Amino acid sequence: MKQFQYIRSVSQKAALSAIAQEPTAKFIAGGTNLLDLMKRHVMTPERLVDINKLPLREIKEENKRLSIGALALNSTVAEQSTVMKRFPLLSQALNAGASAQLRNMATVGGNLMQRTRCPYFYDTATPCNKREPGSGCSALKGFNRMHAIFGASEHCIAVNPSDMNVALIALDASVHVSGPKGDRIIQMQDFHRLPGEQPEKDTILDKNELITAVSIPASTLTHNHYLKVRDRSSYAFALVSVAAGLEIEGKNIRQARLAMGGVAHKPWRLKEAEQSLAGKPASLESFHQAAEIAMRGAKGYGDNDFKLKLAPNTIVEALKIASRI
């Protein structure tokens with residue numbers, strides 16, 4: 001691992017100052033992703049700014065929203081009583097991620113910034129536009145079984161690996177950040193980017209901005225399920241995942257929330273499919289119609305063509321489990 005300077009900040013102001021002074025500096029909390037990337041020389045920051053002493057771990061309700069501090073541990077959030085009761089999609093998604101040991105270290109803010117697990121991104125001997133802009137995308141004609149079927153570009157077909165992000169986008173969450181220009185709130189649907197011509201940029205976050213919290217509006221979703229399809233039941237990233245939330249009145253769906261993971265460079269919200277379900281009966285026919293709509297524009301790249309069948313089937317199954325029909 002390349003040598004680096006380590007700074008432990010005890011205030012938000014000090015952390016922002018420390019990160020601004022070094023162009024390659026990175027914030028670190030749990031380090032469950034960053035340290036792996038540093039060991040492989042994929043990321044080589046000259047400075048790490050430890051933010052674990054900042055008061056950003058609180059989980060609280062305010063102004064009809066649930067606020068989760070950026071340093072709250074994934075395991076803590078998943079088992080928090082309000083999250084389990086009112087936002088089961090988030091609890092289920094967090095518990096589906098990584099291993100218990102990693103969830104005990106990983107933070108909400110770090111999970112938001114988690115980088116792709118594309119093997120070419122991790123392999124510094126192969127071209128990768130995300131790691132080295134302009135070098136090419138090895139996955140396009142290489143082994144691309146885990147890769148995107150939505151929103152990809154000729155420059156990158158990698159996917160966002162986070163389970164938490166899929167639940168948060170389905171729940172209309174917001175990301176609170178602080179930086180030299182002050183505080184701002186970013187809608188979860190806007191936080192992550194599609195690759196376009198700049199796949200090296202995962203989010204719209206400025207380099208010197210710090211994530212301070214995630215907030216989620218009150219939810220009326222009464223039927224929820226997070227379904228993750230993967231190669232093994234523990235510590236495996238999603239081939240396809242679906243966050244499904246429904247508000248059912250009588251036998252009909254009043255509103256629906258749907259998002260997918262493992263299929264795009266960002267968590268993939270299925271708004272047209274959601275709209276197709278509103279007012280419809282909670283039935284397999286409705287779910288299959290929604291899945292068909294959700295798959296419009298999907299494209300395989302060879303090894304991942306199976307996702308074109310797996311994805312709609314996963315949508316239907318997640319909706320079926322959520323609705324309890």
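I take a cavity to be a set of points, on a 1 Å grid over the protein atoms alone, where a 1.4 Å probe fits but cannot get out. A volume is the space filled by probe spheres set on the points, with grid points joined across faces, edges and corners.

I note that this is a predicted model, in which local features need pLDDT of at least 70, side-chain atom pairs count only at pLDDT 80 or more, and totals for chains, interfaces and linings use all residues. Residues are numbered from 1 along each chain as its sequence is written, and side-chain values use heavy atoms, with hydrogens and water left out.

Entry one, cavities. I looked up those of 30 Å³ or more and found two. The largest has a volume of about 80 Å³. Its lining (residues with an atom within 4 Å of a point) holds 15 residues, and Cys118, Cys128, Cys137, Cys156 and Ala158 are the closest to the centre. I sorted this lining into nine nonpolar residues, five polar and one charged. Here Ala, Val, Leu, Ile, Met, Phe, Trp, Tyr, Cys and Pro count as nonpolar, Asp, Glu, Lys and Arg as charged, and the others, Gly among them, as polar.

The second largest cavity comes to about 60 Å³. Among its lining residues I listed Arg115, Lys130, Asp202, His192 and His265. That lining divides into three nonpolar, five polar and three charged.

Entry two, a hairpin. Strands are DSSP runs (E, at least two residues), numbered from the N terminus, and two of them pair if DSSP finds at least two bridges between them. Strand 4 (residues 59-62) and strand 5 (residues 65-69) run antiparallel, joined by four bridges. I found Glu61 bridged to Leu66 in strand 5. Two residues lie between the strands, and Asn63 takes a positive phi near 50°.

Conventions: On a 1 Å grid over the protein atoms alone, a cavity is a set of points where a 1.4 Å probe fits but cannot get out, and a pocket is an open set with protein on both sides within 12 Å along at least five of seven lines; lining residues have an atom within 4 Å of a point.
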